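Biologist: Could you walk me through the labels you put on a model? I would like to hear the reasoning behind each one.

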Amino acid sequence: MAPLAITLVLPAYNESAVIRNTVTEAVDYFLARRLSYEVIVVADGDDGTREIVMSMAEANPAVRVMGSPERRGKGRGIREAVAVAKGSIIGYADADNKVPIADYGQIEPWVTAEFDLVIGSRALSTSQVERKQPLYRRLGSQGFAFTMRAIVGLADIHDTQCGFKFFKREVAVRLFQCQIVDGYMFDVEILSLAQRFGYSIKEVPIRWRDDRDSRLQLLAGNIRNIKDLLRIRASRQRFSAATAQMGGRRTTVDTF
């Protein structure tokens, strides 16, 4: 059986208010493009998000749902979804539609051609930020970027945290088999692993708008994030030998 054109993973934590619209927009987009697809929603939490997606899956077998009542982490959810994904291209996007799925059209030509992974970026000159984060969040993001680069690196990537990333299938499978961080820093880990393994990365501009999510735990979250960044830095050494065996393939980071 031929692989599907694309698997879209939507990690969701208590997103019952928006998940139906997000899944519907994705399905409509892929159908309009005549792309064979599957949408996997990884729904943690207890607000009924899983049940909503289950009802959608009964009508459309290309929609699947995973998850748990406990909050297990975005990184873990995507890792488990990638393990069962069937697409030639595997990607993930935010369940609250911060980036419209139509922007996959910006990604597709690059990830089906020479690049191993293509990531959406809010930080390029032609990116469109339609609704900015509050000032305190923007300042926090700048502080995070400084800390992250001091600990892990990734200085040549403008936006590590945009939740709109797509991979060639074999690249996604390898990266997420090696990925261990369950929380928000999994994006940094994936990009760090990609550079370690010599995969080519391209950043493309996207449209993005803040959803005014107030559920983030700034102090506790930042402490966890720093711990995870230190874990990522320590784990880089585990893959040095494997990279050497691959012949030291050089990473390319390309941007518009």
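**From values to labels**

Biologist: Happy to start with strand E5. Where does Val118 sit relative to E8?

Modeller: Val118 stands opposite Lys202 in E8. One word on the source: this is a predicted model, where local features need pLDDT of at least 70 and side-chain atom pairs count only at pLDDT 80 or more, while totals for chains, interfaces and linings use all residues. Residues are numbered from 1 along each chain as its sequence is written, and side-chain values use heavy atoms, with hydrogens and water left out.

Biologist: What makes E5 and E8 a pair?

Modeller: Two strands pair if DSSP finds at least two bridges between them. E5 and E8 (residues 201–205) have five bridges in the parallel sense, so they meet that rule. E5 also pairs with E7 (residues 164–168), here in the antiparallel sense over three bridges, and Leu117 stands opposite Phe167 in E7. The strand names come from DSSP runs numbered from the N terminus (strands E, at least two residues; helices H or I, at least four).

Biologist: Why is E5 called largely enclosed?

Modeller: Buried means under 20% relative accessible area, exposed over 50%, and partly exposed in between, with a 1.4 Å probe and protein chains only. Five of the five residues of E5 (residues 117–121) are buried, so the strand is largely enclosed by the rest of the structure. Leu117, Ile119 and Ser121 point one way, Val118 and Gly120 the other way, and all are buried.

Biologist: Now the helices. Why is H3 called oblique to H6?

Modeller: The axes of H3 (residues 74–84) and H6 (residues 169–178) come within 9 Å and cross at roughly 135°. That makes H3 oblique to H6, because angles under 35 degrees count as roughly parallel, over 145 as roughly antiparallel, 65 to 115 as roughly perpendicular and the rest as oblique. The axes are lines fitted to C-alpha atoms over the stretch in contact, and angles run from 0 to 180 degrees between N-to-C directions.

Biologist: Which residues meet between H3 and H6?

Modeller: Ile78, Arg79 and Val82 in H3 meet Ala172, Val173 and Phe176 in H6, where contact means heavy atoms within 4.5 Å. By class, that contact has five nonpolar, no polar and one charged residues. Nonpolar covers Ala, Val, Leu, Ile, Met, Phe, Trp, Tyr, Cys and Pro; charged covers Asp, Glu, Lys and Arg; the others, Gly among them, are polar.

Biologist: Is Leu35 buried or exposed?

Modeller: Leu35 has a relative accessible area of 16%, so it counts as buried. Leu35 lies in the loop between H1 (19–33) and E2 (37–44). Not counting residues up to four places away in sequence, Leu35 touches Ala5, Phe30, Tyr104 and Glu108. Leu35 and Ile6 are 29 residues apart in sequence and 7.4 Å apart in space, C-alpha to C-alpha.

Biologist: How do you know how to class Trp208?

Modeller: Trp208, in strand E9 (residues 207–209), has a relative accessible area of 5%, so it is buried.

Biologist: What is notable about the phi of Asn14, and why does Asn14 get its accessibility label?

Modeller: Phi of Asn14 is near 50°, a positive value in a residue other than glycine. Asn14 is at 22% relative accessibility, so it counts as partly exposed. Leu154, in the loop between H5 (135–151) and E7, has phi near 60°, a positive value in a residue other than glycine. Leu154 is buried, because its relative accessible area is 4%.
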